[in-house]
Amino acid sequence: MTQSRLSTRNPADGRDIRKSGRDYVVGIDTGGTYTDGVLMDYATREVLASAKTLTTYEDLTLGIINVLKKISIDSPERVKLVGISSTLATNFIAEGNTKPVGLILMGYDRDLIESYGLDSRFATDNYAYFQGGHNAQGEEQAPADLAGIKSWIREQGTHLEALAISGYFSPLNPEHEEQAMQAVQEITDIPVVLGHQLSTQLDSIKRATTASLNASLVAVMHEFIQAVKSSLKDLGLKAPLMIVKGDGSLMPYTEAARKPVETILSGPAASTIGGRFLSGLDAALVVDVGGTTTDMALIERGNITVSGHGARVGLMETSVQAARIRTVCIGCDSRITISSAKEFQVGPNRVVPLSRLAAMYPEVLPELENLGRGRDSSKSQSDIEYWFQAREVDPDDPILEHPRKKAVLDLLAQRPLTLHSLLKQMRLNHLVQLNVEDLIQKRIIGVSTLTPTDLLHVRGELDLDSQEASRAAFKYICGLYGLDAKEFNSRIMDHIVAEITREAFIFLARQGQEDLPEDLDGTWSRWLFQEGLEKNDPYLGVSLTSRFPLIGIGAPAEIFVSRVAKKLNARFKLPRHPGVANAVGAVAGSVIVDKEALVFLQESDASRSYIVQFEGDKHSYAEMEEALDFARKTVRKAAKWSAEESGAEDPQVSIAKKIEGTLHRVQARAVGNPRLSEQFG
C-alpha cells in the first residue's frame, strides 16, 4: 500500500489552501488493483490530497474507508460532493457472481432464438417464453399469458432473487411488460425490472440481456451503496453521493441503485474524464495503464466517444450507453510466464507482484534470495510462484466440505507457500491435481509471481514495495533459463509497448472505419503494422502517425504510454496527478440525462395515425409534424426536470432526431455541473 500526499500550500503566498474557506469535493475509484481517492478544491479544481490503497474485493467499502482516512479530510462539513467510480458491476458480471434471476420473454420467437444460439446471451440460464408482445407498429400480436407467468413464478419457489421482464417491441408499447409486472407482484415481492425502462433500442436480445443483468445487480448495488453511505456518515461526510456511469457522466446514488447496469465500464470512463480534465486537451487518445488491463478511449470536442452498439462485458452485449473502450489484457500486475524455449507471455491473468507480496509477508524475501543456492534438480518457475490466503472463509462455507480444498486452505492459512512447496506438502505431482481453480476465481486464494511491476522495480523505474524481492526472483529466472537479464527485461518491456501500440492502432483506425476487423488479419496488414512499428525493411518504409495526442494515465504511464506515443509519432501528454486521474474523473464529470420519444406510423385499413411513445405514455396524432413537435417539447421538458432532480445545476438541453426507416427517435440531452450540498440529495 502506498500513499501520495500533495502539498496543501499555495505556492504563491504559502497560505494553507485547506483553510481558505472553499468547498471540497471527494473522488474515489475502486480499480482492479488499487482504490484511489482525491480531495479537490471545487472552485480551483486543484487536487489538494490523494491516496492509494489496495482494493478489498471481499468488501469494496473497506478500501473506500481506508482511502478516505488516508486523505485526512480535516473539515468534513466542507465536502459538498462525493463521486465514486466502481468496478463492482463489471467485476460481478465478468466473474459470474451475479445473483440468480429469472427472465420472462413475452412474444419472443423461441425457435428462431434457439436456431441461432441467441439464448446464450441472456445472462441467465433461468428464462421462459410466454405468449404476448407487440409488432413493429406497437400493436398486440397476442394476449399476454399472465396466468402462465404466475404459474412459472410459483414453480421457481424461493430460488429467484430478482426478475426481469422483456416484451417483444416493448419500447413501442410497454403494456404487456407492465401487466406482467403487476401479475408478478401479486404473488411475490422480489425486485422486478422491465426492459423498456432500460432501453428504447429495438434489439430484443440486447434488451433482454440488459434487463436480466440489471435485475441480478440490483441487490448487489443496493448493499454497496448502503455500506458506502454508512461509511461516509461515520467519517462525518454528509455530502450528496454520485456514481459514475459507463459514459463518464454522473448520476445520483438512488438512480444507480435502480439501474446498476448503467455503471458497466464506470472505471475506464472515469479515467478518461479525469485524463481530459487534468490535461486540458479536448481531443486526445487517453491510455490508462492499470494493474489488470490497459484501457483506452477517445476524447473528441471535449467529450468522451460513446459506443453506438452498447457496452459489452465478455460475450454479453447490452443496450447500455457507455464509453467506447478498447481493452488490452496487459497491466502492471499481469502474470509473466516463460516457456522452456525461452519464450514469454504477459497476461492475461492478473497476479500479485512479488515485490508487493514480500512487503506483505517479510519471510518471502529471504526465501527468494536463497533460491538457486541448493542442488535441487527440480528447479522451475513454480519456485517463484507463491500461493497465499487472500481472505478468510466462513466456517459454514460448503467449500470446506471438500477435503483437498480444506487441506490447501489450512496450509496457506499459516503462511504463503511456493507452488512447488505446496504440491510437495500435498504429495501431488501437478497443479491440476489441486483442483482449486474456483478458490482462485473467488479470490479466496491469491497467486503471486513475476509481473511487469517487478520488472519496473528491477529497472529502478518503480519503488513501491520490495525492490530486493523483484531483483531476486528475476535473477533466479534468468539463471534458470540462461537469459541475459538486461536484454530479457528489455524484450518484455518492448513486447508490452508493442501490444499497447497495436491495440491503439486498431482502435484509432476503427473510429472512422468500423467495418475494419477487430484485429490485424492477413499478411499485408501485419507487415504494414510491424514495419511502421520497427522500421526494419531495407527497401520500403512505413510511418504510423496518430492525429490525436496521447494522454497517459496510471502510475506507470510515463514509462509505457510515452513510448507508445513515440511509436505512433504522436505528442505525449502526462497530466498532473496521472496516478489518480480515475478518482479525479469521479467528480470531474457532468450530470447528463438523456430522454427519448419514439414516433412511428400506425395504420390499418380503417385508420392512419402517428404515435408518440414516451416512458409508458402513448399519444396519437393525425400528422407527423404534430407528433414530432409534441415529442420535442415532451423530451425537452422531461430531460431538464430529470437532470435537475438528479442534481444538475442549471442544465442546458439540446435536441436531436434520428430516423430508422419509418421510426423517428426524438432525443433530448440535458447537461449540467453537479449541484453542491451539505446533505445527501
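**A four-stranded sheet and two cores**

User: In this predicted model, what is the strand order of the open sheet of four strands?

Analyst: Let's walk across the sheet, whose pairing is parallel. From one strand to the next, the twist averages 20 degrees. The order reads S6-S5-S7-S8.

User: Which strands have one side left without a neighbour in the sheet, and why?

Analyst: Look for strands with a single partner strand, since these stand at the edges and so have one side without a neighbour in the sheet. That describes S6 (127–130) and S8 (192–194).

User: Over how many bridges do S5 and S7 pair?

Analyst: S5 covers residues 101–106 and S7 covers residues 162–167, and they pair in the parallel sense. One spot to check is Val-101, which sits opposite Ala-162 in S7. The pairing of S5 and S7 runs over six bridges.

User: Which helix packs on the sheet touching S5, S7 and S8?

Analyst: Two helices are worth checking here. H4 (residues 146–156) packs on the sheet but touches S5, S6 and S7. The other one spans residues 204–234, and its direction makes about 165 degrees with that of S7. So the helix touching S5, S7 and S8 is H6.

User: Which helix gives the most to the largest nonpolar core?

Analyst: That core has 79 residues, and Phe-122 is among those with the most contacts inside it. Phe-122 touches residues including Leu-103, Tyr-129 and Ile-205. Another core, of 57 residues, lies apart and includes Tyr-481 and Phe-560. For the largest core, the top contributor spans residues 624–645 and gives eight residues: helix H20.

Terms used
Residues are numbered from 1 along each chain as its sequence is written. This is a predicted model: local features need pLDDT of at least 70, side-chain atom pairs count only at pLDDT 80 or more; totals for chains, interfaces and linings use all residues. Side-chain values use heavy atoms; hydrogens and water are left out. Two strands pair if DSSP finds at least two bridges between them. Axes are lines fitted to C-alpha atoms, for helices over the stretch in contact, and angles run from 0 to 180 degrees between N-to-C directions. Contact means heavy atoms within 4.5 Å. A nonpolar core is a set of buried Ala, Val, Leu, Ile, Met, Phe, Trp, Tyr and Cys residues joined through side-chain atoms within 4.5 Å. Buried means under 20% relative accessible area, exposed over 50%, partly exposed in between (1.4 Å probe, protein chains only). Lists of a residue's contacts leave out its neighbours within four places in sequence.
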